[in-house]
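Q: Please take a close look at one part of this structure and describe how that part sits in the whole.

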Amino acid sequence: MTKQAECAGELAGAGAGATGELATLQHYLETCEGLRRALGIEGSAPQLHRLAQGECNVNYWFAAPQAALDQLDARGGVRSDRLVLRVNHVSQMHLENQITYEFSALDLLEPCGRTPRTLWCDASRTAVPWGVGVEELLPGRPLSYETDMPEAARILADVHAVEVPAAARQALICPANPLLGIAQECRQMFEKYRSWHAADDFVLTRVDAMMQEAFSIAQGTGESAGQRLCIANTELNSHNFLIGDDTRPSYLIDWEKPLLSVPEQDLSHFLVPTTTNWKTSTILNRAQREAFLDEYEQAVAGRFPTQGLRERLDGYLTVTCLRGITWCAMACVDYTEGGPGLRNEDTFAKIKQFLSREYLEMIWSDFYRKA
């Protein structure tokens, strides 16, 4: 959930640990010969500055060396004079080389012009104890659901339209049944909460009922064979969009959990309350969701088939709501007990809201309870 804009939030935990990490990474920037060659750093390295953090990654920014700007210019133009040093602490996907996986997806997505371009990736953990990468820091502001839904539709259409060569598909995780994969992920995440000594009885009962319906829907969808697959971001809250103005394009950032999947996986995650309500107070109604899908299909403009998308999306909306709830349940244990990962107090407040009786009843009524 790390963001690439300073307005995305202040770096939490800026104590001795954060200061030590900054010093270690500054030394890395000064001494790593491969990185210096890749970016064209001559003499003293640029100064690192804290940018933002999520639960698994910390981002720093620094002024781009001229050679790096020249490289980006040759790859389609300079979009910013700053770069991001992205530092991976924990992999949500349980990958050994998270930063390599993330940057491989970004490299495949570069033709769409909507994502950060990468410049350096180091998963060796030899010079520093983390996976690190360098990408461009893109300009823009977070998405507003009141004004920017058409632009979000255009961004997602451009991202989903990228054709992934057959030879490159092995670099991405590709669930045979994406909806069942989400349901299984939900069950795995919720086990941590279920076995927790402080688990709330109402949360257990309500989520178990959601889980039962989610698996019933997922097991009835079948595999995605025959459907067109795209690179799905799977983490589409409003601060992962950077919206430009009349003279600058808009972007989609934070590619921490990309999958080779169907467009419905992204569209459902973008539209459900557990996403729209994560960084804002917005909860979309059915008419607003339908209007967005109209914009999305118009933006696709025949680049790939969308027949049957809305019918399939209903099941994805139901199951994807559970993904947000079960992630919060898992994270609640870590936040309360001091588990692994980085701590963000705004996130903890939202976790507690999403696990409240009132919120769970709203999700149950709107997406689960049969009429």
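A: The part chosen is helix 13, whose buried residues pack against helix 7 (201-219), helix 9 (273-279), helix 10 (286-300), helix 11 (309-337) and helix 12 (345-354). The model is predicted. Helix 13 covers residues 357-368, and its buried residues are Y359, L360, M362, I363, W364, F367 and Y368.

Next come the surroundings of this helix. The largest nonpolar core consists of 90 residues, and F241, F270, F292, Y296 and I351 have the most contacts inside it. Helix 11 is the greatest contributor to this core, giving 15 residues. Nonpolar side chains tend to be buried together in soluble globular proteins.

I351 can be followed further. Apart from its neighbours within four places in sequence, I351 touches W278, W327, C328, A331, C332 and Y335. There is also a second, separate core, made of 26 residues, with L25, L29, L35 and A64 among them.

For contrast, consider a residue in a strand. T118 belongs to strand 4, which runs over residues 118-122. T118 counts as buried because its relative accessibility is 9%, and the cut-off for buried is under 20%. Leaving out neighbours within four places in sequence, the contacts of T118 are R75, F103, L106, D107, V134 and E135. One of these, F103, is 15 residues away from T118 in sequence, with a C-alpha to C-alpha distance of 6.7 Å.

Now the chain as a whole. The protein chain contains 13 helices and nine strands. Of its 371 residues, 58% are buried. A compact globule of 371 residues would have a radius of gyration near 21 Å, so the 20 Å of the protein chain agrees with that expectation. Along the principal axes, the C-alpha atoms fill a box of roughly 70 × 50 × 40 Å.

Contacts across the sequence can be described too. Taking contacts between residues at least 6 apart in sequence, 76% join residues at least 24 apart.

The surface and the charges remain. The protein chain has an accessible surface of about 15,300 Å², and carbon and sulfur atoms account for 50% of that surface. Its side chains include 34 positive and 49 negative ones, and the centres of these two sets are 2 Å apart.

To return to the chosen part, helix 13 has buried residues that include W364 and F367, and the buried residues of helix 13 pack against five listed helices, including helix 11 and helix 12.

Note on methods: Residues are numbered from 1 along each chain as its sequence is written. This is a predicted model: local features need pLDDT of at least 70, side-chain atom pairs count only at pLDDT 80 or more; totals for chains, interfaces and linings use all residues. Side-chain values use heavy atoms; hydrogens and water are left out. Helices (H or I, at least four residues) and strands (E, at least two) are DSSP runs, numbered from the N terminus. The radius of gyration is taken over C-alpha atoms; the globule rule is 2.2 Å times the number of residues to the power 0.38. Buried means under 20% relative accessible area, exposed over 50%, partly exposed in between (1.4 Å probe, protein chains only). Contact means heavy atoms within 4.5 Å. Accessible areas come from the Shrake-Rupley method with a 1.4 Å probe; for residues, only the protein chains shown count as cover. Lys and Arg count as positive and Asp and Glu as negative; His and the chain ends are not counted. The place of a charge is taken as NZ of Lys, CZ of Arg, CG of Asp or CD of Glu. A nonpolar core is a set of buried Ala, Val, Leu, Ile, Met, Phe, Trp, Tyr and Cys residues joined through side-chain atoms within 4.5 Å.
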